[in-house]
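Let's work through a few short exercises on the structure shown below. Each one sets a task and then solves it step by step.

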Amino acid sequence: MPLIKNAWYCAAWSETLTRQPMQRKFLGDTIVLYRTERGDPVALSNRCPHRFAPMHKGCLKGDDIECPYHGLRFDATGRCVHNPHGDGHIPKAAQLKSYPLFERDGIVWIWMGDPERADPATVLDSQYTAFVRDAKTFAVGFGDLQVKANYLLVMDNLLDLTHAPYVHPNTVGGRPEDSIQGGMHVGFEEDEQSVTSTYFVPDMPPTPQLQPLFPLPAGDFRIHMRWQPSSALAMRLTMTPPGQPDGSGVVLPLLHLLTPIDESHTHYFFALARNVAIDVPAAHEAMMEFARRAFEEEDEPMIAACQEQMGTTDLFSLKPVLLQTDVASVKARRRVDALVQQEGR
Ligand code: FES
Ligand SMILES: [Fe+2]
């Protein structure tokens with residue numbers, strides 16, 4: 001299925017974007033990212049228009065970037081401003097494509113489609129991302145990985161967390177006997193902007209990831225996973241003493257931001273935070289290590305293996321068996337279909 005171009009995608013976590021030019025590939029385009037001296041983020045095509053050298057291997061001269069091959073220099077808007085050769089004439093076509101960016105709450109968003117339509121008002125609302133800068137309440141960590149699969153398969157994975165007891169019993173999932181048979185209640189909600197899946201397991205032993213953060217032998221486990229097009233997921237995981245109100249115990253807000261690299265690869269950005277042990281470095285390392293293992297060593301190989309079995313055939317053309325718990329991902333995929341059709345017109 002074609003990728004949605006007119007949408008904001010995560011290009012980088014703010015803290016990873018520096019004065020060192022960085023290469024990324026999104027929606028099939030190779031991009032160079034860097035910051036100006038003032039700190040503003042810049043995204044330009046990474047292919048020099050002369051002999052197509054990778055611009056990220058060049059160096060910055062002030063706010064300009066110099067090609068590593070013959071030294072053409074481009075400003076932060078992509079305009080060629082210096083040709084060191086011949087009479088210094090700059091051909092009109094000496095231009096790098098520039099991509100709109102928007103930075104807020106530790107996230108640099110990129111717009112890969114028609115620049116005229118890049119409206120910052122349509123970026124994922126700050127109510128879902130503000131925890132990133134709420135240092136009084138939360139300790140936050142960031143990570144990213146590449147998944148060898150179409151982003152819709154990653155989205156399916158996140159909107160259907162019934163896989164957790166099977167794929168993640170030693171990290172972020174409960175044991176099957178504690179959650180499924182213990183009564184996992186799976187719910188679904190939707191509104192105009194979003195599709196959400198919810199999970200509630202009463203009186204469950206804490207998952208390995210929660211054990212250092214939640215001292216009781218059991219608690220009420222809840223997850224709220226909200227997706228909005230094209231591929232931003234905001235999650236809230238809580239563990240409360242049995243019967244206590246949601247949010248009165250451990251609260252972990254997470255972001256899962258999926259940026260297609262191309263049709264069969266995805267750049268998966270994740271952020272997660274906790275409201276307990278926020279000044280304890282060992283708690284931080286443990287939380288991040290569990291997340292990294294879960295996403296990189298457990299989810300990624302499973303999703304990539306499914307993609308391999310599916311080849312390039314679209315999911316629905318393969319007539320997959322549908323379970324009740326697939327409702328959120330099926331609804332989300334329908335909305336993606338509608339957006340793809342709209343773009344095609
Ligand atoms: S390839 Fe960039 S200046 Fe020649
Ligand atoms: Fe998972």
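**Exercise 1: an exposed residue**

Task: decide whether A121 is buried or exposed.

Solution. A121 has 6 other C-beta atoms within 10 Å, so A121 is exposed (buried means 20 or more other C-beta atoms within 10 Å of a residue's own, exposed 12 or fewer, partly exposed in between, with C-beta atoms placed from the backbone). Before going on, note that this is a predicted model, in which local features need pLDDT of at least 70 and side-chain atom pairs count only at pLDDT 80 or more, while totals for chains, interfaces and linings use all residues. Residues are numbered from 1 along each chain as its sequence is written, and chains are lettered from A and ligands numbered from 1 in the order in which they are written. Next, place A121: the residue lies in the loop between β10 and α1 (126–129) (helices are DSSP runs of H or I with at least four residues, strands runs of E with at least two, numbered from the N terminus). Finally, A121 and R222 are 101 residues apart in sequence and 30 Å apart in space, C-alpha to C-alpha.

**Exercise 2: a three-stranded sheet**

Task: find which strands stand at the edges of the sheet β1-β10-β9.

Solution. Start with the order: β1-β10-β9 is an open sheet of three strands with antiparallel pairing (two strands pair if DSSP finds at least two bridges between them). β1 (8–13) and β9 (101–104) each have a single partner strand, so they are the edges, and one side of each lacks a neighbour in the sheet. Then look at one pair: β9 and β10 (residues 107–111) are joined by four bridges, and R104 stands opposite I107.

**Exercise 3: two helices**

Task: describe how α2 and α5 cross.

Solution. Two packed helices are described by the angle between their axes and the distance between the axes. Here the axes of α2 (residues 151–159) and α5 (residues 281–310) come within 10 Å and cross at roughly 130° (axes are lines fitted to C-alpha atoms over the stretch in contact, with angles from 0 to 180 degrees between N-to-C directions). That makes α2 oblique to α5, where under 35 degrees is roughly parallel, over 145 roughly antiparallel, 65 to 115 roughly perpendicular and the rest oblique. As for contacts (C-beta atoms, placed from the backbone, within 7 Å), L153, V154 and N157 in α2 meet D299, I303, C306 and Q307 in α5. Last, check burial: nine of the nine residues of α2 are buried.

Key:
Two residues are in contact if their C-beta atoms, placed from the backbone, lie within 7 Å.
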